[in-house]
Amino acid sequence: MKIPIYDRIGGSAGVQAVVEALYARMLQDPEMAVFFEGVDLIQMKRKQRLFMSQLMGGPALADTPDLTAAHSHAVHRQGLQDAHYDKLVEYLRSALEDLNISTLLANEVVVLIERLRGDVLGREQRKAA
Ligand code: HEM
């Protein structure tokens with residue numbers, strides 16, 4: 001059986017490092033930072049770490065957050081859209097590279113995050129051909 005991404009990326013500490021590196025980049029970009037004004041970043045990163053852990057095949061959450069609901073304010077009131085999601089993916093790639101995650105593993109992580117685009121942005125995911 002294939003070893004879960006969660007284990008290959010270094011378990012809880014590995015995922016935490018990815019979340020820290022990703023959000024450091026997001027918050028340095030004024031276009032992205034606006035979405036996090038007034039947000040409790042400690043809690044936000046904690047939720048992200050737990051969510052991403054589950055996503056990567058790590059420990060399951062008792063309650064999986066509804067990503068559409070969680071981002072509805074950002075989408076409808078602050079204009080969160082594809083261009084921002086593209087940036088997140090770009091920052092994720094650069095974070096993974098900085099952490100010396102192999103390109104192959106990084107690609108697998110990016111595929112997982114791309115699958116959530118429709119949910120986060122509140123629309124039906126276009127079916128892959
Ligand atoms: C550009 C893209 C994104 C932006 C700007 C963004 C921004 C935000 C904001 C502002 C919140 C609300 C924080 C709060 O009020 O407490 C949030 C929550 C959350 N986001 Fe994102 N997000 C993005 C993409 C993603 C992606 C790709 C994921 C999945 C890996 C994700 C997972 C979550 C989770 C799990 C929560 C917490 C939900 C909860 O339990 O309340 N977000 N995000």
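These legends accompany several close-up views of a predicted model.

**View 1. The shell around the ligand.**
Let us start with the ligand and its neighbours. The shell around the ligand holds 21 residues, and those that come nearest are F35, F51, P65, A70 and H84. Three helices give two or more residues each to this shell: α4 (41-55), α5 (67-78) and α6 (82-98). Which of the elements provides the largest share of the shell? That is α4, with five residues. By residue type, the shell is made up of 17 nonpolar residues, three polar ones and one charged one.

**View 2. The largest nonpolar core.**
Here we turn to the core, which counts 13 residues. The members that touch the most others are I9, V15, V18 and L96. At least two core residues come from α2 (11-28), and at least two from α6. With four residues, α2 gives the most to this core. V18 is a good place to zoom in. Leaving out residues up to four places away in sequence, V18 touches I9, A95, L96 and L99.

**View 3. Helix α2 and its two faces.**
Helix α2 has 18 residues, and the distance from its first C-alpha to its last is 26 Å, close to the 26 Å expected at 1.5 Å a residue. V15, V18, V19 and L22 are the buried residues to look for in α2. Viewed down the axis of α2, the buried residues fall within an arc of 95 degrees, so they line one face of the helix. Which elements help to cover these buried residues? The cover includes α1 (5-8), α4 and α6. Turned away from the buried side of α2 is a face that carries the exposed residues A13, A24 and Q28.

**View 4. Helix α4 and the glycine that follows.**
Helix α4 has 15 residues and reaches 20 Å from its first C-alpha to its last, close to the 21 Å expected at 1.5 Å a residue. L50, M52 and S53 are buried in α4. Around the axis they cover an arc of only 165 degrees, which puts them on the same side of α4. Among the elements that cover these buried residues are α1 and α2. L41 and Q43, on the other side of α4, are exposed. Following α4 along the chain brings you to G57, whose phi is positive, near 95 degrees.

**View 5. E31 and M32 in helix α3.**
Two residues of α3 share this view. E31 is found in helix α3 (residues 30-33), and M32 is found in helix α3 too. Is E31 buried or exposed? E31 is exposed, because 10 other C-beta atoms lie within 10 Å, and a residue with 12 or fewer counts as exposed. M32 has 17 C-beta neighbours inside 10 Å and therefore counts as partly exposed. Each residue can be paired with a partner from a distant part of the sequence. E31 and H84 are 53 residues apart along the chain, and their C-alpha atoms are separated by 8.0 Å. For M32 and Y85, also 53 residues apart along the chain, the C-alpha separation is 9.6 Å. Not counting residues up to four places away in sequence, M32 touches M26, H84 and K87. H84 thus appears among the contacts of M32 and also among the residues that come nearest to the ligand.

**View 6. L67 in helix α5.**
L67 is found in helix α5. L67 counts as partly exposed because it has 16 C-beta neighbours inside 10 Å. Which residues does L67 touch, once those up to four places away in sequence are left out? They are L116, D119 and V120. The C-alpha atoms of L67 and L121 are separated by 8.5 Å, although the two residues are 54 residues apart along the chain.

**View 7. N100 in the loop after α6.**
Our last stop is a loop residue. N100 is found in the loop between α6 and α7 (103-114). Its backbone deserves a look: the phi of N100 is near 60 degrees, a positive value in a residue other than glycine. N100 is exposed, because 6 other C-beta atoms lie within 10 Å of its own.

How values were computed. Residues numbered from 1 in each chain as written. Predicted model: local features only at pLDDT ≥ 70, side-chain atom pairs only at ≥ 80, totals over all residues. Near = placed C-beta within 6 Å. Nonpolar A, V, L, I, M, F, W, Y, C, P; charged D, E, K, R; others polar. Core = buried A, V, L, I, M, F, W, Y, C linked by C-beta atoms within 7 Å. Buried ≥ 20, exposed ≤ 12 C-beta atoms within 10 Å, placed from the backbone. Contact = placed C-beta atoms within 7 Å. Expected span 1.5 Å × (residues − 1). Arc of directions from axis to C-beta.
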